[in-house]
Amino acid sequence: MLIGLAENPTCIECGLCREVCPVFQIQSQEEYSPRGRAMLHSAGLQTLVFYQCTLCRTCRVVCPIGHDPNGEILRSGLIEAGIETPANQTMIINIRLYGNPFGPLADGELPKVLTCC
Amino acid sequence: MEKRLIAEFSEIVTTKGVLYSPEELAVYSYDGTFEEHRPDLVILPQSTEQVQKVVKIAARERIPVVTRGMASGLTAASVPFNGGIALSMTRMNKILEIDTNNAIAHVEAGVITADLQAAVEKQNLFYPPDPSSIRHSTIGGNIACNAGGPRCLKYGVTGDYVLGLTAVLADGQVIKTGGKVIKDVVGYDLTALLTGSEGTLAIITEALLRLIAKPKYQRTALVEFRDLNDAAQTVNQILAAGIVPATLELIDQTAISCIEAAMHLGLPLDMEAVLLIECDGSDLETVQREIDQIEVICQSCGADKVSIAKDENERTQLWKARRSVSPALARMSPNKLGEDITVPREAIPEAIRRLKKLSSEMDLPIVIFGHAGDGNLHPNILFDKRDPQQWARVEQTVAAEFQIALDLGGTLSGEHGVGILKRPYIQNALGKVSIDLQKGIKKTFDPLNILNPGKIFPDD
């Protein structure tokens with residue numbers, strides 16, 4: 001029985017999510033933790049740190065109130081605000097210009113670099 | 001923060017160790033409480049020398065330095081209310097040595113407590129202190145707040161395991177206290193003084209921790225009571241029988257229903273209280289005999305049901321449930337205020353009676369759980385801060401809770417510390433003589449008042 005984000009818009013700051021977040025396990029810095037993202041979101045700050053999330057949503061499973069500071073919702077806010085990573089911008093431009101995310105390709109040529117966020 | 005200072009700090013800890021964008025400052029502005037204030041700069045040092053250099057500049061420029069580990073504290077002790085530097089110790093996370101011959105671990109302050117435990121348990125050693133935040137709090141933070149936990153009933157608190165500290169003083173000098181010796185009576189016990197000082201006296205960078213042999217066997221019982229008073233009485237009956245379980249935890253009905261809603265463990269919802277009791281030791285027969293005796297005592301005290309965990313999985317589930325009580329309460333109301341009053345264990349039943357009475361007088365739900373065996377209770381007031389009338393009653397209730405603890409010969413905090421939240425109440429607990437003396441100690445250690453200023457003691 002998890003309560004949706006709509007019912008629990010506020011992080012209670014307990015920090016339990018940091019025990020399971022795979023990104024935080026590696027980075028050990030608050031801004032890469034689900035609690036950090038939730039707090040940034042509630043402070044109205046838009047940051048590319050929101051991309052440092054695997055979207056696994058394990059944080060939501062352990063969150064005692066079912067809060068969900070997942071990257072998807074936060075990223076949609078970034079896109080609305082026009083904040084994008086350079087790699088994403090390149091990818092979008094490439095799709096517009098060449099119909100693929102990789103850039104100009106000769107006939108039959110395979111892309112060498114996979115551009116990702 | 002001025003650019004020249006940022007440049008100077010960057011030279012010490014590299015540009016990666018200095019954070020100052022609005023997002024970065026925002027995430028170092030809070031701990032486990034609802035209090036918030038942004039620092040002017042975040043510094044992530046990687047060695048005692050770096051901390052030394054940072055503090056020297058801070059002293060020269062009179063910049064407050066607020067040390068933090070993983071920011072899971074419950075008193076806002078690591079929230080930088082005066083701005084300045086948030087000194088995050090998370091990059092000093094090396095276990096420097098596990099000395100199996102002396103059973104001592106030498107660690108940096110930023111080591112996560114559960115990581116240390118896992119490492120020493122591989123060597124068949126044991127570091128017992130187990131605050132609920134064990135997997136997301138650091139040794140340095142545990143020492144700075146003298147953290148407790150369920151197992152403290154049998155094994156003692158964090159401070160009982162600190163043999164020596166390396167710390168940076170307010171002028172940048174390094175002090176080493178204690179050492180790899182069990183007995184040490186040369187000079188004042190500065191190790192004990194720094195333990196629990198909440199970053200106001202010095203910055204702890206390394207610690208020598210005493211380890212013990214790992215207990216091989218555990219038996220865990222969940223005991224259900226229809227009457228909360230019976231549960232409270234049982235605690236004393238068990239201890240009076242000469243049994244010291246590793247843990248003796250009490251969880252009341254509201255807390256049970258919160259855990260059950262979050263975890264579906266099949267906990268009894270119609271009981272007023274449960275006790276979670278664990279015995280451990282290196283001899284299976286003794287452990288089994290103790291848990292059997294406990295079962296008999298519980299039944300004679302009016303327990304409705306005693307169930308003993310069948311396997312490690314069941315035991316883990318029970319403990320997971322206990323660890324999640326505090327956060328799970330957030331399901332009940334928009335806000336909660338958890339205290340950790342401590343009373344002599346004989347007074348536990350009376351403390352619970354008075355807290356229940358207070359709850360109905362103030363018309364605010366108070367959930368009670370905690371380490372009943374050592375008299376450390378966590379009454380949590382549930383409320384909605386948006387309602388100013390409720391908030392006013394909460395403030396009265398907190399003051400009354402503290403008064404109950406003091407009247408029964410107890411004190412304000414057993415393991416969370418004072419930080420900022422209990423600051424207004426410590427005069428009552430300690431008295432003027434003690435507070436003046438302690439303020440003098442603070443002044444001796446930190447004449448410029450740059451180390452975590454404004455914490456613990458009320459302003460003059």
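# A walk through chains A and B

Start by selecting B:Ile251: across from it, in S17 of chain B, stands B:Phe369. Keep in mind as you click around that this is a predicted model.

**The seven-strand sheet**

Now widen the selection to the two strands. S13 of chain B covers residues 247-252 and S17 of chain B covers 366-371; they run antiparallel, and two bridges join them. Next, bring up the rest of the sheet around them. You should have seven strands of chain B in an open sheet, ordered S15-S12-S14-S13-S17-S18-S16, with antiparallel pairing. Go to the edges and colour strand S15 (303-308) and strand S16 (335-338) of chain B: each has a single partner strand, so one side of each has no neighbour in the sheet. If you look from strand to strand, neighbours in this sheet are turned by 20° against each other on average, ignoring direction.

Which helices should you add on top? Pick residues 284-300 of chain B, which are helix H10: this helix lies across strand S12 (217-225), S14 and S15 of chain B, and runs at about 5° to S12(B). Then add H14(B), which lies across S16, S17 and strand S18 (376-383) of chain B, running at about 170° to S18(B).

**An aromatic pair on the way**

Stay with helix H14 of chain B, residues 388-407, and find B:Trp391 in it; its ring partner B:Phe34 sits in the loop between helix H2 (22-27) and S2 of chain B, 357 residues apart from the Trp. Show both side chains. The rings of B:Phe34 and B:Trp391 are edge-to-face, with 6.4 Å centre to centre and 85° between the planes. Over all chains, there are five aromatic pairs.

**The four-strand sheet**

From B:Phe34, move on to S2 of chain B. Four strands of chain B make up an open sheet here, in the order S1-S2-S4-S3, and the pairing is mixed. Its edge strands are strand S1 (18-19) and strand S3 (65-68) of chain B, each of which pairs on one side only. For a parallel stretch, select residues 41-43 (strand S2) and 85-88 (strand S4) of chain B: three bridges join them. Within that pairing, B:Leu41 is opposite B:Ile85 of S4(B). Now turn on residues 48-61 of chain B, helix H3, which lies across S2, S3 and S4 of chain B and runs at about 170° to S4(B).

**A pocket with both chains in its lining**

Next, select B:Arg135, B:Thr316, B:Trp319, B:Lys320 and B:Arg323. Of the 38 residues lining the second largest pocket, these are the closest to its centre. The pocket holds about 1100 Å³ of space. Which elements give two or more residues to its lining? Chain A supplies helix H3 (58-62), while chain B supplies helix H4 (113-121), helix H9 (253-263), strand S14 (273-281) and helix H11 (312-323). H11(B) gives the most, with six residues. Colour the lining by class and you get 18 nonpolar, seven polar and 13 charged residues.

**Last stop: a cavity in chain A**

Finish by selecting A:Cys11, A:Cys14, A:Cys17, A:Cys63 and A:His67. They lie nearest the centre of the largest cavity, which is lined by 16 residues. How many cavities of 30 Å³ or more are there? The count is four, and the largest has a volume of about 120 Å³. Show helix H2 (34-42) and H3 of chain A too, as these are the elements that give two or more residues to the lining of the largest cavity. H2(A) has the largest share, three residues. By class, the lining of this cavity splits into eleven nonpolar, two polar and three charged residues.

Note on methods:
Residues are numbered from 1 along each chain as its sequence is written. Chains are lettered from A and ligands numbered from 1 in the order in which they are written. This is a predicted model: local features need pLDDT of at least 70, side-chain atom pairs count only at pLDDT 80 or more; totals for chains, interfaces and linings use all residues. Side-chain values use heavy atoms; hydrogens and water are left out. Two strands pair if DSSP finds at least two bridges between them. Contact means heavy atoms within 4.5 Å. Axes are lines fitted to C-alpha atoms, for helices over the stretch in contact, and angles run from 0 to 180 degrees between N-to-C directions. On a 1 Å grid over the protein atoms alone, a cavity is a set of points where a 1.4 Å probe fits but cannot get out, and a pocket is an open set with protein on both sides within 12 Å along at least five of seven lines; lining residues have an atom within 4 Å of a point. Grid points are joined across faces, edges and corners, and a volume is the space filled by probe spheres set on the points. Ala, Val, Leu, Ile, Met, Phe, Trp, Tyr, Cys and Pro count as nonpolar, Asp, Glu, Lys and Arg as charged, and the others, Gly among them, as polar. Rings of Phe, Tyr and Trp (its six-membered ring) pair if their centres lie within 6.5 Å; planes under 30 degrees apart count as stacked, over 60 as edge-to-face and the rest as tilted.
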